[in-house]
Amino acid sequence: MIPVCEPLLDDQARANVAEAVATGWISSDGRFIAAFERNWAAYCGVEHGVAVCNGTAALAVALRALRLEPGSEVVLPSLTIISCVLAVLDAGCVPVLVDCEPDTWCMDVARVAARIGPRTRAVMPVHLFGHPVDMAPLSALAERHGLAIVEDAAQAHGAEYQGRRVGGLGTLGCFSFYANKIVTTGEGGMVVTADPVLAERMRDLRNLCFRRDRRFLHTEIGHNYRMTNLQAAIGVAQVDRIEDHLARKRRIAALYTERLRDVAGLALPVERPNTRNVHWMYAVVLDDGVPFDAAAFAALLRERGVDSRPFFLGMHEQPVFHDRGLFVGERHPVTERLARRGLYLPSGLGLTEAQIDTVCAVVREIV
Ligand SMILES: *Cc1c(COP(=O)(O)O)cnc(C)c1O
């Protein structure tokens, strides 16, 4: 079976982890944490990085840091991971969904204005599959309405919008370093920001909100969302390798596109002008004329030795939220279609050109 994704670790990662073990710095203090935070924030073009235990925690800490009044609304895409909505709920806020674009699969920024109301306080663009959200009009809207921007860049490490890296474009930028992400620490996450006050607040929120003036006195609810030095040891080595990883992802995408361009019935990833798509995963969407859906497509691929993963199912289609009175009766047709027609193909950093040839031959045979 050709796997969808696998992490690529190098000798530096192994040496760093060995150092952490040898020196006993295996919890959330240690030199690799500070270095990882500094290096990743700098890579994103901002000053501060706050490492946490995963990307879901990064989103939660970011939203909590904004101290939004309970009941404030946060606008986010319907096609995303549940972590985004959970973070909004965790902050006592109300998630408001917008549909996505049919070609970039990202939040449709043109639909955001209509969803802004008197209680809207933040927007959460999600850079999906490595393609940046159209940030210029979104930033203009946010500016006009005084909204914070919390980027979810978990799938887009190193992606660029108008020459600037994602994560550093909004008020706060959130990353996951899960094993299948472009930069990985196994499990891990980080929020980057130019704002020192927000950074300080996030350091408290990830560490149980111990008061700095009196350690075991608490005046706010915090969490233990700390990252370990062991994870950061891997992260430091990963950041050093990122340009190589991005080059591999882009090359994989180019090879796929070259071989699948003329397959009737398949929509392939795009790259808008003035953006750099890092192609975290190479996704394809079946045209409506194809007589089977993505689930059947995935089964046919699997029978032929090719693993794949479906797109997210829209947040407005989740029973867990309907049970709570959220998104009931909402329709987001682009998201609904992508959830049923889209999947992503093997895109691991170790994927060979011969494996890509095999995958493409199989796809061609099926479609
Ligand atoms: C992976 C991912 C997350 C969550 O990260 P975890 O580290 O798995 O908690 C959040 N948002 C997006 C878009 C992701 O792809």
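This briefing covers the ligand site and the aromatic pairs of one structure. The model is predicted. Its ligand occupies the space of the largest pocket. The protein also holds 14 aromatic pairs.

**Around the ligand**
- Residues from several stretches of the numbering surround the ligand, starting with Asn54, Gly55 and Thr56.
- Ile81, Ser83 and Val126 belong to this shell too.
- Asp152, Ala154 and Gln155 are also among the surrounding residues.
- Ser176, Lys181 and Gly188 complete the list.
- By type, the shell has three nonpolar, seven polar and two charged residues.

**Polar contacts and cover**
- Glycine 55 uses its backbone: a polar atom there is 2.7 Å from an oxygen atom of the ligand.
- Glutamine 155 uses its side chain, where an N or O atom lies 2.9 Å from a ligand oxygen.
- Lysine 181 also takes part through its side chain, with a polar atom 3.1 Å from an oxygen atom of the ligand.
- On its own, the ligand has 380 Å² of accessible area, and the protein covers 90% of that.

**Aromatic pairs**
- The structure contains 14 aromatic pairs.
- One of them joins tryptophan 40 and phenylalanine 175.
- Their ring centres are 5.1 Å apart.
- The planes meet at 85°, so the pair counts as edge-to-face, a class that needs over 60 degrees.
- Tryptophan 40 sits in helix α2, which spans residues 31-43.
- Phenylalanine 175 sits in strand β8, residues 172-176.
- The two are 135 residues apart, and their pair links distant parts of the chain.

Technical notes: Residues numbered from 1 in each chain as written. Predicted model: local features only at pLDDT ≥ 70, side-chain atom pairs only at ≥ 80, totals over all residues. Heavy atoms only, no water. Near = heavy atom within 4 Å. Polar contact = N/O pair within 3.5 Å; in protein donor to acceptor, adjacent residues only side chain to side chain. Areas by Shrake-Rupley, 256 points an atom, 1.4 Å probe, with all protein chains shown as cover. 1 Å grid on protein atoms, 1.4 Å probe; cavity = no way out; pocket = protein on both sides within 12 Å on 5 of 7 lines; lining within 4 Å. Sits in = over half its atoms within 2 Å of the grid points. Nonpolar A, V, L, I, M, F, W, Y, C, P; charged D, E, K, R; others polar. Phe/Tyr/Trp six-rings, centres within 6.5 Å; stacked < 30°, edge-to-face > 60°. Helix = DSSP H or I, 4+ residues; strand = E, 2+ residues; numbered from the N terminus.
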